[in-house]
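Here's a quick briefing on charged side-chain pairs and where they sit. Have a look at the model first.

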Amino acid sequence: QLQASGGGLVQSGGSLRLSCAASGRSFSSYNMAWFRQAPGTEREFVATISRLGGTKYADSVKGRFTISRDNAKRAVYLQMNSLKPEDTAVYYCAADPTGTGVIVRQYKYWGQGTQVTVSS
């Protein structure tokens, strides 16, 4: 089970840190990711971190967002800096034992999402 939190309303240029807490003892063996979905659009890839710590980012967030994980706390984080209005979306964390890609169907487990709203 995945529980995302940390969303909110922030002004353009501001920062937010999203957290995703996972239950279960095998967290360290899962690849983790963040996706987002704006109204009327499809869910899109944001960032992923493998069980070995390798990271990958969408071009739209590269240099502004940082994904990290703490296996001891069974948590994954998304530090979002220099936020833009186009970052407004519901952000979802996802997990999979084998998938590390950028496609929604590659991830088996999903959290409930947390709303991020960036005002201009």
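Let's start with a buried acid: aspartate 87 has just 1% relative accessibility, so it counts as buried (under 20% relative accessible area, with over 50% being exposed and anything in between partly exposed; 1.4 Å probe, protein chains only). Bear in mind that this is a predicted model, where local features need pLDDT of at least 70, side-chain atom pairs count only at pLDDT 80 or more, and totals for chains, interfaces and linings use all residues. Residues are numbered from 1 along each chain as its sequence is written, and side-chain values use heavy atoms, with hydrogens and water left out.

**Salt bridges around aspartate 87**
- The structure holds four salt bridges (a side-chain nitrogen of Lys or Arg within 4 Å of a carboxyl oxygen of Asp or Glu).
- Arginine 36 pairs with aspartate 87 in one of them, the closest N and O atoms being 2.9 Å apart.
- That pair links distant parts of the chain, 51 residues apart: arginine 36 is in strand E4 (residues 31–37) and aspartate 87 is in the loop between strands E8 (75–80) and E9 (89–96); strands are DSSP runs of at least two residues, numbered from the N terminus.
- Aspartate 87 also meets arginine 64 in a salt bridge, at 2.7 Å from N to O.
- Arginine 64 lies in the loop between strand E6 (55–57) and strand E7 (65–70), so this pair ties together parts 23 residues apart in sequence.
- Arg36, Glu44, Arg64 and Asp87 are linked in a network of salt bridges.

**Burial of the partners**
- Arginine 36 is buried, at 5% relative accessible area.
- Arginine 64 is buried too, at 12%.

**A pair with an exposed acid**
- Lysine 62 forms a salt bridge with aspartate 59, the closest N and O atoms being 3.1 Å apart.
- Aspartate 59 is exposed, with a relative accessible area of 66%.

Definitions and conventions. Helix = DSSP H or I, 4+ residues; strand = E, 2+ residues; numbered from the N terminus.
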